4 protein chains.
Amino acid sequence: MQVLTGTTEYFKGIGPVTFEGLESDNPLAFRWYDETRVVAGRPLKDWLRFACSYWHSFNGNGSDPFGGPTHFFAWDQRSDVLDRARDKMDAAFEFFTKMSLPFYCFHDVDLVDYGNDVAENERRLQAITDYALEKQTATGVQLLWGTANLFSHVRYMNGAATNPDFRAVAHAGAQVKAALDATLKLGGENYVFWGGREGYMSLLNTNMKKEQEHMARFLHMSKDYARKQGFKGTFFIEPKPCEPTKHQYDYDAATVISFLRQYDLLNDFKLNIEVNHATLAGHTFQHELQVAADAGLLGSMDANRGDYQNGWDTDQFPNNLNELTEAMLIILEAGGFSGGGINFDAKIRRNSTDAADLFYAHIGGMDAFARALIIADNVLQKSEYRKLRADRYQSFADGPGRDFEEGTLSLEALRDLAIQNGEPEQISGRQEYYENIINRFI
Amino acid sequence: MQVLTGTTEYFKGIGPVTFEGLESDNPLAFRWYDETRVVAGRPLKDWLRFACSYWHSFNGNGSDPFGGPTHFFAWDQRSDVLDRARDKMDAAFEFFTKMSLPFYCFHDVDLVDYGNDVAENERRLQAITDYALEKQTATGVQLLWGTANLFSHVRYMNGAATNPDFRAVAHAGAQVKAALDATLKLGGENYVFWGGREGYMSLLNTNMKKEQEHMARFLHMSKDYARKQGFKGTFFIEPKPCEPTKHQYDYDAATVISFLRQYDLLNDFKLNIEVNHATLAGHTFQHELQVAADAGLLGSMDANRGDYQNGWDTDQFPNNLNELTEAMLIILEAGGFSGGGINFDAKIRRNSTDAADLFYAHIGGMDAFARALIIADNVLQKSEYRKLRADRYQSFADGPGRDFEEGTLSLEALRDLAIQNGEPEQISGRQEYYENIINRFI
Amino acid sequence: MQVLTGTTEYFKGIGPVTFEGLESDNPLAFRWYDETRVVAGRPLKDWLRFACSYWHSFNGNGSDPFGGPTHFFAWDQRSDVLDRARDKMDAAFEFFTKMSLPFYCFHDVDLVDYGNDVAENERRLQAITDYALEKQTATGVQLLWGTANLFSHVRYMNGAATNPDFRAVAHAGAQVKAALDATLKLGGENYVFWGGREGYMSLLNTNMKKEQEHMARFLHMSKDYARKQGFKGTFFIEPKPCEPTKHQYDYDAATVISFLRQYDLLNDFKLNIEVNHATLAGHTFQHELQVAADAGLLGSMDANRGDYQNGWDTDQFPNNLNELTEAMLIILEAGGFSGGGINFDAKIRRNSTDAADLFYAHIGGMDAFARALIIADNVLQKSEYRKLRADRYQSFADGPGRDFEEGTLSLEALRDLAIQNGEPEQISGRQEYYENIINRFI
Amino acid sequence: MQVLTGTTEYFKGIGPVTFEGLESDNPLAFRWYDETRVVAGRPLKDWLRFACSYWHSFNGNGSDPFGGPTHFFAWDQRSDVLDRARDKMDAAFEFFTKMSLPFYCFHDVDLVDYGNDVAENERRLQAITDYALEKQTATGVQLLWGTANLFSHVRYMNGAATNPDFRAVAHAGAQVKAALDATLKLGGENYVFWGGREGYMSLLNTNMKKEQEHMARFLHMSKDYARKQGFKGTFFIEPKPCEPTKHQYDYDAATVISFLRQYDLLNDFKLNIEVNHATLAGHTFQHELQVAADAGLLGSMDANRGDYQNGWDTDQFPNNLNELTEAMLIILEAGGFSGGGINFDAKIRRNSTDAADLFYAHIGGMDAFARALIIADNVLQKSEYRKLRADRYQSFADGPGRDFEEGTLSLEALRDLAIQNGEPEQISGRQEYYENIINRFI
Ligand SMILES: [Co+2]
Ligand SMILES: [Co+2]
Ligand SMILES: [Co+2]
Ligand SMILES: [Co+2]
Ligand SMILES: [Co+2]
Ligand SMILES: [Co+2]
Ligand SMILES: [Co+2]
Ligand SMILES: [Co+2]
């Protein structure tokens, strides 16, 4: 990918980051991510479809609930709001291209600061997306998805689409409309809803049923608008169980799928599964992927990792090879993402304050995913993993087992079969054997 | 209620336990639970519909993963399996009647030990339910629900209805058939499915989709059989997230509702919500109740409490007044349970080894629920709680808010309203005020 | 207490809040907290020693990791830093006196904004503490403890006393020196260390042993300085397991006590136990109190509550009567706090945006504590609770049990006694009975 | 190692398991664990000192709180208690030698069933340890440590050394005496205390201080007895936070170290850190190792892994390479264990019912540790990891930083240095860079 800088080069002396292979110990090179390497019939680039998150990488300033900013950006200094936005975008595209990141994702307010004037916000978004379009054209970097930030503004403190005050809901609508327009304009392949404040702080003051009905209504309106404008992509819901709310309505994959089915949204919406959200919900990431895949709704993923001892969304960069391999097994068997990709919804630590840290973080994550995909493919191609698992269900392939699956057995018949066949022999689940297979290929 | 003992009185010197009121400090009397006291138009007995669990109270021997039995029962000594079962039933009905417990619940194997011979197990269950029927008639105690234990036998180590081996599924069918027959015979009002091993130990060796389809198939077969036999009651699914499995398919209320909707089981199935299962799933009990109530599926509940610092199902007796009051608010507003009641799926501690401990535990639990119901009714009747919450949603009562609810607004119209109305004023959620209302009535 | 307002009254139309008793349903009155009511030989005011936290109540603006401020203060508007500080202090003392709060607590930067100039910061602190001294004298409100904020400034992103860069440690020293001077000047009874960044984000880049030695060194230096200046009060360490760090060195009470003992700080330091920090560490609050009390180190407490389903420090106002009663049992049996009191380290919710919400929150908390103390005293005075527990250990009162305690038995002798006495009989732990006692007195 | 079977070969057709290297895909061979391979100056065998746990591998029958046994052993069938014990020991040594496991560990009751007769139990233990001694001599397999099971018997339901009933304490003494005798006789290098019931189920009925004093007294008596008998090895305490108790006194490494220091036991006791116990306590395993190592108390470890979503001690076999590498970094830098080794306190899953599963599980675990040690050594030898971390603390090497460490600076001097040096520059913690180093060497 051709590096594109603006008038200022923000990451001087770094990049472009290229594939150097296993022998390299250059910390600013890829050791595994050779985007052209073909695995399971497709180049890595097509399987992985890496995206950079604008918010963590270009807006996140390192502040946390106990302290102020630690990341100070050279691109965040000009007084004019659009000048600042363009500088930031220069930095972003410089980073994307130095890292060969084929996609990026944003919230409306990531691209340009918003004020309280709806029309003026729309103008700002139009201006900066004009600039983005130029940049995309010049580089080939694409928009994986756009979204609207419906959680940071004070007006959303009681929710956005689920706000008990209709006037706040209207503002959510205004933002989503503009964000959809922007996504469409930039050729965004998908549009994401993450309902950070769509939930409750206290059940005591909440009519949960009414709020969820409002949520469904809002999604239908948004979808209808986008389709009318010609949007052909997929809508994603990104589940999260809590934080900032006590309980978020889009708790986990199963909850969201239930909601989509109940409110007739299954045709247009899929899931964007985030690792750290999965673990906050008490699931493995693999579990959430499987739930989505089994429903045909594995749209996209947000790559990061949580901290198993800390109960908030730490959004660290992923690095655990065993976990990533198990995840890639599911993604490979599902045939990849439906429209989405791997978006690094991950942030460098508050105390990672060198300019190079953003590069190290993404290199580590991209290499880890590439490696995990290669390992998972080896597991599927070279080991008995798939066969072992399929064989476990052999008794349903024919005879009364098949009748059971097909619904032609009665409970009485089942009981008679139990008597007739006697006690089944013990069949080991062989969990440790399966686990050894994974490590054989790492 | 008339106390019924068998030939042996097992709880000598204890009971009957009666309502003595607040002035009493008799630890073997009720201070709050006056079953005839009318609250919100119904006597406490009708609201609460307390049930005793056979398993914890008459089978649980105090063993845990680190130690053997500590509870040794006088009714568990005779060598003949049916003699032993009848002695146990004598003890159980003595306890029910001494405690004025109007209902009980059981698994098949709670009533009488099962072996590996399906037909013999059926004979045993028929014999002991003959005896149960006599006891029920003599006392008026009723069966709240029956169920089959599909998790303890070695043949279910890989699941029951979801076992990869169809021969194990057949045995599950045999057990459910007999348990349904027994429930029907005893006039059981409901039948429960708790899928203790319906889940996975490792996702690596599991075809989750196939297993869930088997689950749905099995439930349909069971329901069809029961309906054919004339069962008019409700089927309950009891969610639990994990333990003994790593992940149980009936994770929580939302997951179960999704499953019921996906597989067309909503007409016959409702939920049985257990407190400790809710908290293991990362929810408050109140949340799970509300989810069930909002879907019209609040069937019944398993009363107990977990330990917020211990990550397994401790099944302790409930005692927390603030939490119980918040739960009863939801149950009251939902109009009570749909067919079910409050089943004490709770066990005295392993080191609670006095005969009286079983009484103290149930007295504490029943008094706590009665008190919580009275408090909740006061909150609803005497405070502004209900009005405050309703008023929060006033903006949807008419005008464009109502149009939004009715689906006649477009996203563009929403955006125009945002501009037209400007920034909404801040409206406090007043959480602390709501919380103070609760304590005002405790 | 005489209400003291400055030139502006910030909480117009509210207060003073007085005790009106159980019959009152005035939400702005105390129903339980009659500060003069004598319990266990002392007025409630002396047992409870309530303090208001400056930071949450007068600085906290409602922002969280996902959104900006929601609380906007009339006292936070003047451009001059000391003018603003004095306005805020006017609001604070107005609130303290309207609420009859006898104490307050602060961090240095709560009182007045700090910049990067050490000497200028000292001057600001001196100026605002001059004003505080006037206010204290005028009202009788006292300083329960002071502390320095060593976690918000960017220079502490890698720790304060444990920062790998000595230059950052020096700044921590400068701040503590000034905060100690201020505490001494205002007659503060205690001084607190909460080491929010004293821990690690990653063990990989950390020399934990060296950092803990630095911590000990820093505490000794601070203590020596304060003593030299004539400080007679107690130093408190406030344990917290994590957040903002991945792991904080002052993890829990046991860890801190170990540290104090190892580094010879037991004579000057005690513990300040926070409810929410206890639960984040996997303990009940009661447990942490008991650990501190058993070591003679129960100095003070930070009152709040966490959310059992959310893994961060939610710092909600306390309201659970069962839990508070169990806590007050321990505090009563320990004879109260050693120098400290009950500091509301609690914040109104982000969406509690009415001026009155701060009042409701504190009223609810103060009433709940008063009520819990009264209940606990009843349990201790009127029930067999204390005797029951003491009787469990009766076998150590004399004979070989006493010899065992006194260290005059050998292991061989113990073995011989086992043979001689045979199997001990089972003695019930009677947990449910104990729990019923609590509810009998709520 | 020479395979030793008894009269029956229990694992027919399996083993001996040998090192075959990376090219092998024999699931019954080692791919990494070449016991003679020298790493950091010592053969793998000496660094790792693998031990097999008698309890999980030869006694654990697969039962859990929701179901009965699933593992049925050919060696568990003879009616005579000592015959059975010898058969089991034959199986155990067959396994040890087929796996080349140099060590084993046991509780007294693992070796032979105990009854309620103290003297008879002693005779049984003597008889079976006679047999063990023969086996050890014949094979060279050694005893890593012995221990007494003070938690399974009903008499310990309220604790063992901390039981409120002194008569139960006496039995604990009898068991420990005999277990110490057995350990000494078999040349055991260490002796472990894991206090499974030394804690509380409810704080309400507990005098925690008294119980902990009893614990200390008991440990002193045990240590004194063993030393008198000539035991030269180390005593280990194995921390665990809970389960089966609500709270165990030996909560985590910091708590145990505090206890050892308080009660003057630091000279004789060290720690045995278990992975799953660390995570149950809210720590990483690495953290617990570091705490122990920093105190010079890293005695030994129990190898397994927990499940991050399940809140009980799952004791699964370890397999995560990233986590194990981070652990081995600490162990390598600490110079290895003090006396102990790596004991597989891990159990095959309840549904792992093939005889070979025990082999796969240990092979996977041993290979994972060997690989992690090799990786960690590479990180230490070939990367800048160690230097990077040391350099972070450079400012304490001389000048006022060193004065600070040496205790010759006052708080005033620190403050003056802050002014003199001004704001420190930001120094990145470079967490992602450190993490990438790990993955570079996996
Ligand atoms: Co995300
Ligand atoms: Co996240
Ligand atoms: Co239940
Ligand atoms: Co339960
Ligand atoms: Co605090
Ligand atoms: Co806090
Ligand atoms: Co262990
Ligand atoms: Co364990």
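1. Which residue of chain B forms a salt bridge with C:Glu435? The partner is B:Arg305, and the closest N and O atoms of the two side chains are 2.9 Å apart. The model is a predicted one, and the values below are computed from its atoms.

2. The salt bridge just named crosses the interface of chain C and chain B, where the rule finds 2 salt bridges. Each chain brings 44 residues to this contact. Together the two chains bury about 3,800 Å² there, and carbon and sulfur atoms give 41% of that area. On the side of chain C, the three residues that contribute more than any other three are C:Gln309, C:Glu432 and C:Arg440, with 17% of the area that chain C buries against chain B.

3. The contact of chain B with chain A should be described separately. It takes 96 residues from chain B and 95 residues from chain A. The buried area is about 8,500 Å², with 63% given by carbon and sulfur atoms. In chain B, the residues losing the most area to chain A are B:Phe166, B:Leu204 and B:Leu411, which together make up 10% of what that side buries. The count of salt bridges between chain B and chain A is 10. B:Glu405 forms a salt bridge with A:Lys210, with 3.2 Å between the closest N and O atoms.

4. One residue of chain C deserves its own point. C:Phe72 sits in the loop between helix 2 (54–59) and helix 3 (81–98) of chain C. Is C:Phe72 buried or exposed? Its relative accessible area is 57%, so C:Phe72 is exposed; the cut-off for that word is over 50%. Leaving aside neighbours within four places in sequence, C:Phe72 is in contact with A:Val154 and B:Gln426, residues of chain A and chain B. Within chain C, C:Phe72 and C:Asn61 are 11 residues apart in sequence, and their C-alpha atoms are 6.7 Å apart in space.

5. Next come the metal sites, beginning with chain A. The cobalt ion (ligand 2) has as protein donors an OE atom of A:Glu274, two OD atoms of A:Asp313 and an OD atom of A:Asp315, at 1.9 to 2.6 Å. Why is the arrangement of these donors irregular? The 4 donor atoms subtend angles of 55 to 138° at the cobalt ion (ligand 2), which makes it so. For four donors to count as tetrahedral, all angles would have to lie between 85 and 135 degrees. For comparison, the ideal angle for four tetrahedral donors is 109.5 degrees.

6. The donor residues of the cobalt ion (ligand 2) follow the spacing E-x38-D-x1-D in sequence. A:Glu274 lies in strand 10 (residues 269–274) of chain A, while A:Asp315 lies in the loop between strand 11 (298–303) and helix 11 (321–333), so the pair ties together parts that are 41 residues apart in sequence. Both residues count as buried, because A:Glu274 has a relative accessibility of 1% and A:Asp315 one of 5%. A second ion belongs in this picture: the cobalt ion (ligand 1) is 4.4 Å from the cobalt ion (ligand 2), and A:Glu274 coordinates both.

7. Chain D has a site to set beside this. The cobalt ion (ligand 8) is coordinated by D:Glu274 (OE), by D:Asp313 through two OD atoms, and by D:Asp315 (OD), at 2.0 to 2.6 Å. The 4 donor atoms subtend angles of 55 to 138°, so the arrangement around the cobalt ion (ligand 8) is irregular. The cobalt ion (ligand 7) lies 4.4 Å from the cobalt ion (ligand 8), and D:Glu274 coordinates both. D:Glu274 is in strand 10 (residues 269–274) of chain D and D:Asp315 in the loop between strand 11 (298–303) and helix 11 (321–333), with their positions 41 residues apart in sequence. D:Glu274 is buried, with a relative accessible area of 1%, and D:Asp315 counts as buried at 5%.

8. The last point concerns domains. The domain assignment divides chain A into domain 1 (38–382) and domain 2 (391–441), whose C-alpha centres lie 40 Å apart. Their contact takes 7 residues from domain 1 and 4 residues from domain 2. About 500 Å² is buried between them, 75% of it given by carbon and sulfur atoms. A:Asn322, A:Ile375 and A:Val379 supply 59% of what domain 1 buries against domain 2, more than any other three residues. The count of salt bridges between the two domains is 0.

Key. Residues are numbered from 1 along each chain as its sequence is written. Chains are lettered from A and ligands numbered from 1 in the order in which they are written. This is a predicted model: local features need pLDDT of at least 70, side-chain atom pairs count only at pLDDT 80 or more; totals for chains, interfaces and linings use all residues. Side-chain values use heavy atoms; hydrogens and water are left out. Donors are N, O and S atoms within 2.8 Å of the metal (3.2 Å for Na, K and Ca); water is not among the atoms, so sites may look incomplete. Four donors count as tetrahedral if all angles lie between 85 and 135 degrees; four count as square planar and six as octahedral if opposite donors are over 155 degrees apart and all others between 65 and 115; anything else is irregular. Helices (H or I, at least four residues) and strands (E, at least two) are DSSP runs, numbered from the N terminus. Buried means under 20% relative accessible area, exposed over 50%, partly exposed in between (1.4 Å probe, protein chains only). Domain bounds come from an automatic or database domain assignment. Contact means heavy atoms within 4.5 Å. Buried area is the accessible area (1.4 Å probe) that two parts lose on being put together, summed over both. A salt bridge is a side-chain nitrogen of Lys or Arg within 4 Å of a carboxyl oxygen of Asp or Glu.
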